[in-house]
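The following exercises introduce a structure step by step. Each task is followed by a worked solution, which the reader is invited to check against the sequence and the model.

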Amino acid sequence: MKNATFRMLGRVIDVLLRHRLIVVAAVAAMTCVMGFFAAQVEVKTVFSDLLPKNHPYVQINDRFKHTFGGSNLVSIMVEVEDGDIFSLATLGKVRKITRELQQVEGVDTYQIVSLASKKLKEVRASTEGIESRPLMWPELPRDQVEIQALRDAVLNNPLVYGPYVSRDLKATLITADFSDGEVDYLKAYRQIADIAAQAQGDGVAVRMVGEPILYGLVNHYLSETLHIFLLTLGTLILLLLLITRTWYGTLLPLISGGVSAVWALGMAKLMGFHLDPLVIVVAFLITANALSTSVQLISRFEHEVENGAPDSVSAARVCLAHLFKPGMLAVLTGAFCVLVVSLTPIPLLEKISYIGSVWLLSILITALVLTPVMLSWCGVRHRPVHPLDITPLLNGILRLCAALVTSRFRYAVIVGSAVVFVVSGMYAFNLKVGDANPGSPILWPDSTYNTDAAAINREFQGSDRMFVVVEGKREGALKEPAVLEGMERFQKYMEAQPEVGGSISLADLLPAVNRVVREGNARYQELGGSSNENGELVYMFVSGSDPGDMDRFADAQTKNGAVTLFFRDHQGDTIRTAIARVKEYVTRNPVPEVELLLAGGLVGVLGAVNEIILAGQIESIAYALLVLVVCCMLTYRSAVAGVFFMIPVLLSNTLTFSYMAWQGIGMSINTLPVVALGIGFGVDYSIYIVDGIREELHRHRDVGRAIASSIATAGKGVLITALTLVMSVVLWSFSSLRLQAEMGILIAIWLFISAASAMFLMPAMVAVFRPEFIVGSRRHPIDLAAPAEMVPVS
Amino acid sequence: MLDAITRLGGGVRSVVALTTSALPLLIIGGLFYAAVFVKAEPMVASLQAPTIERRDVFLGVVAPSADVLWAAGSYGKIVRSEDRGRTWALQQTPVAEHLQAIAAWDLQRAVVVGNRGVVLVTSNGGKDWREVDAPRSEVANKLMQVRAYGNGVAWAVGEVGAVLKTRDYGMSWSRALEEKDQAWNDVFLIGDHGWMVGEFGRIVTTRDGGESWQAVESPLKSSLMSVHFRDAVNGVSVGLSGAILVTADGGMTWREAPRVTREHLNCVIWDGVQWVAVGDKGVRVVGVADGSRWTGGRVSEQDLSWRTQLVRVGEGFLLAGANLALLDQGQLEIIGRE
């Protein structure tokens, strides 16, 4: 830094320190106000927040979800251990569940389907024509004869036998759809879980699956999440206390982290955002940044005290003067990188991005200003809080590190890093977009939810749905034999994919009606040969049935219909393959009267999300790196500087991506927030150390000594933050939510690699390459600082 | 390292200088390019549809030898196995109509009939299926069943009283009876003796190889779906709602056996030991040689699919219907299902 700018900064710092009471009071007041708002932040999951609104699939889903079923489907399976479901006791339970589901908050009462609902019907021929009546509504069968009749009706009905009653007759399904936006997942989950628990027993198992259950569970574990958060905090305090042996070294970082969190949450409330429990780990990531900044300042402060600063005010002054630039750079780079995430057109990510940027920017005040100001009160003589001193150990590590990077080993460090980078970079290409495993990656594989999901998908065609809209160009288009046959062929084509358990459409409904009309002759289970014939079949189905019964298949004008595909899982690969196959089929087999539109239901909207993530991942990584490069370039007025700081970020990214690929963690809507934000982090440690070297070179021209000195001060800060954070973040791995555990480990890896590359790789590179922006050159030598700096403030 | 470079002299130094200043710009440019222009494309492995898919319906089967099996079904699909059903090969056909039945003269020559009067023939084991012209009605033309006999003779029956006959391995077809508003569901011949059954419980019989047909009184008004004789005298016909008719006089008089199921029966055969009939919801009905005692049951307790036909294959059976299945020593294997 030029001496002139240095002097100006010095004056600002003087003002801050002179009016330190006012500064602290202002921050406290602001924190109170923000705390008031922060207390009102809602913690909840809004599924529609996860969906890219402008994506065509999501728009199709929004347009048709009320008729063809949305993405909030809950499937409840009633399964018997012995015999089949056709007993009064079991059927009674099915009816009880079906009725009680009506009372659940946010349920779309028209979209509850089960044996005991009005929706599942038997179509049969009688003297008065075709009659269609509910299978088991409103009354249960009275005796064995009626049960036998129900059983026969079920077996005869391809819309029931298979989709709603399992092939072996041991299980039946109850499905309910929830309205988007109105559903409180936690309440819905608790109510459904109650209903299920009551029905459980007497040789009957009740299992449930679906996004509302899943997000309800996540909210259900919120108190556990809170406990882990508090436990992490406690561990953090203990570790800081153990290492620093001073109260200020323990409390000041926590105050910084706490105050910035309060400000950020307050801002979130003011911006009208809520907090998603799944991204609470992200909060930890940002808090880590605040802690790190504060610890750096304290570490520098202590260094100045050791070097004979006359009082705490002057030590605070010097430490802020030295760390202001790298601190600014670290915070601003992080904030801008996080802002880049908002380019991804997913509401949740946009919100996280805005909150994250504000949060990071608040560190400028809460850590960079508040910590030195508070330090100025701390005095220079301290008795350690406890006798256990691990400073020699830390110093040992730091000395080893300094010795390593200034010796011949520095080449080994660089070559080793290059190899790790290349290998992990190549392995990172195995990272999958979308969920990488069946079941929900949010929960552990042996969790009740995931075992339930596996059981339901084993008994039935698949609990995850996608509907493809068949949009007719005129009324009655769906009655055309070519259209219906096209739909059936499309279904057949899609069912060749093993993960597609089955599909259903008007083209399945009409053959069943046709067969009934033809005395039940199996050879007539086929579509009508003409538009008129199909029209009659539709009419026969609709007449005698209630309005709305047809909605699942087609509208009243037989203009728009849907093909619903059932998926056994919603892994990224499954969805991608399915969507690619739909597109391929549509281009190869155009039907003149209609158009096939992708895609609704859970699988459809997840397909949209995955497409957005896939299309945007290169873009967002590139933009984030660009932001980083530009920030560093401007700060150090050197293009080399930009690229120099890119290296640790690239390394930590390829390694975390490799870890995700190795552990089968997909880049999904749930992991993306952490991964996307992570790009912006991990550079701050390097900035502190490299800038430390540079600042040291203002005093002398010995690069080796400068490196050793920077590692002793900035490196100590890095070591302390990394140690405490990595050790406390490991606590997350005990979470009942697999996602939190994995994200915790991911963050730990991130912090560890960032710290390691800051302490070993960066100094080694400085020692080897001697970039001009750090060590200067003959043409642009580094200014030697004026010695007047150390004069105490009067 | 810089010292080492300094010692190398001016030329190398300027090259290094140029590289170090150009490289960052290149990297930044590359990032910008990646951000704006590069879009990741999903990689999707291509998927080969299995020969027999879940949605395939096979309505007709034939076993021209103990090893060779042939099946015809929905959307013009024909498959053939040459290893008793272990592996199946798809055969190309020129039509997309649902095929209802298949009959074979030998391993090479066969005929298939189906909806809209479609008739296909092959003379090379199905490598080529050719559509041939057959008489059609103005009203409806679904052909239900086809049976092949010696010297290239075959009979096909279907809607609107269709009774078609060929004498040249299916190359040309002629109408054997006038159209009428009643469908024939099955035809069966032994030598010059023959029988046809159809809608409204109608039964006709011939004693001259099909030159002339006489109506026989039927005890039923509901449709008969299938007829089979174990010799010229003893025969059985089955139909809707579990109907079973038995004759012991060459089909002149028929008596109804007590029903053992309410399900439709679609096909009956004599397997050498007993009568076996199959139908809806996986039912199987077996009867003793003289048709005096019948017992109901299922093909397999785990399977409730409807069946339209069964043929004897070695010690077991090949079944057509909602799926294609092999039954061997009570074990049902559904082909094409995992």
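Helices, here runs of H or I in DSSP with at least four residues, are numbered from the N terminus. The model is a predicted one.

**Exercise 1. Determine in which helix A:G486 lies, and whether A:G486 is buried or exposed.**

Solution. Step one is to place the residue: A:G486 belongs to helix α16 of chain A, which covers residues 481-495. Step two is to apply the cut-off, by which a residue is buried if 20 or more other C-beta atoms lie within 10 Å of its own. A:G486 has 21 such atoms within 10 Å, and it is therefore buried. Step three is to look for contacts beyond the neighbours within four places in sequence; for A:G486 these are A:N589 and A:V591. The C-alpha atoms of A:G486 and A:V591 are 7.1 Å apart in space, although 105 residues separate the two in sequence.

**Exercise 2. Describe chain A as a whole: how many helices and strands does it have, and what percentage of its residues count as buried?**

Solution. Begin with the elements: chain A contains 26 helices and 10 strands. Next, consider the extent: along the principal axes, its C-alpha atoms fill a box of roughly 110 × 50 × 40 Å. Then turn to burial: 57% of the 794 residues of chain A count as buried. Finally, examine the contacts with a separation of 6 or more: in chain A, 81% of them are accounted for by residues 24 or more positions apart.

**Exercise 3. Test the length of helix α15 of chain A against its expected span, and find where its buried residues lie.**

Solution. Helix α15 of chain A runs over residues 448-459, a total of 12 residues. The expected span is 1.5 Å times one less than the number of residues. This gives 16 Å for α15(A), and the end C-alpha atoms are 16 Å apart, so the two values agree. The buried residues of the helix are A:Y449, A:N450, A:D452, A:A453, A:I456 and A:N457. They cover an arc of only 160° around the axis, and therefore lie on the same side of α15(A). Their packing partners are β1 (73-80), β6 (204-210) and α7 (211-220) of chain A.

**Exercise 4. State how β1(A) and β6(A) pair, and how many residues of β6(A) are buried.**

Solution. The pairing of β1(A) with β6(A) is antiparallel and extends over 7 bridges. One of the bridge partners can be named: A:V80 is matched with A:V204 in β6(A). As for burial, 5 of the 7 residues of β6(A) are buried, so the strand is largely enclosed by the rest of the structure.

**Exercise 5. Identify which residues touch the most other members of the largest nonpolar core.**

Solution. In soluble globular proteins, nonpolar side chains tend to be buried together. The largest nonpolar core here has 268 residues, and A:V468, A:L628 and A:I689 touch the most other members. Helix α20 of chain A (residues 601-636) gives the most to this core, namely 21 residues. For A:I689, the contacts outside its neighbours within four places in sequence include A:S710, A:I711, A:A714 and A:M759. A second, separate core of 92 residues has B:I52, B:A103, B:W254 and B:W306 among its members.

**Exercise 6. Describe how chain B meets chain A: how many residues of each are in contact?**

Solution. The contact involves 39 residues of chain B and 33 residues of chain A. On the side of chain B that touches chain A, helix α2 of chain B (residues 10-37) supplies the largest share, 11 residues. By type, the residues on this side of chain B comprise 23 nonpolar, 10 polar and 6 charged.

**Exercise 7. Examine the backbone of chain A: which residues does a cis peptide bond join, and what is phi for A:R245 and A:R770?**

Solution. Most residues other than glycine have a negative phi, and most peptide bonds are trans. A cis peptide bond joins A:L598 and A:A599, with omega about -20°; A:A599 is part of strand β10 (residues 594-600) of chain A. Phi of A:R245 is positive, near 60°, and A:R245 sits in the loop between α8 (222-244) and α9 (247-270) of chain A. Phi of A:R770 is also positive, near 45°, and A:R770 occupies the loop between α25 (738-769) and α26 (772-775) of chain A. With 16 C-beta neighbours inside 10 Å, A:R770 counts as partly exposed.

Notes:
Residues are numbered from 1 along each chain as its sequence is written. Chains are lettered from A and ligands numbered from 1 in the order in which they are written. This is a predicted model: local features need pLDDT of at least 70, side-chain atom pairs count only at pLDDT 80 or more; totals for chains, interfaces and linings use all residues. Two residues are in contact if their C-beta atoms, placed from the backbone, lie within 7 Å. Helices (H or I, at least four residues) and strands (E, at least two) are DSSP runs, numbered from the N terminus. Ala, Val, Leu, Ile, Met, Phe, Trp, Tyr, Cys and Pro count as nonpolar, Asp, Glu, Lys and Arg as charged, and the others, Gly among them, as polar. A residue is buried if 20 or more other C-beta atoms lie within 10 Å of its own, exposed if 12 or fewer, and partly exposed in between; C-beta atoms are placed from the backbone. The arc is that of the directions from the helix axis to the C-beta atoms. A nonpolar core is a set of buried Ala, Val, Leu, Ile, Met, Phe, Trp, Tyr and Cys residues joined through C-beta atoms within 7 Å. Two strands pair if DSSP finds at least two bridges between them.
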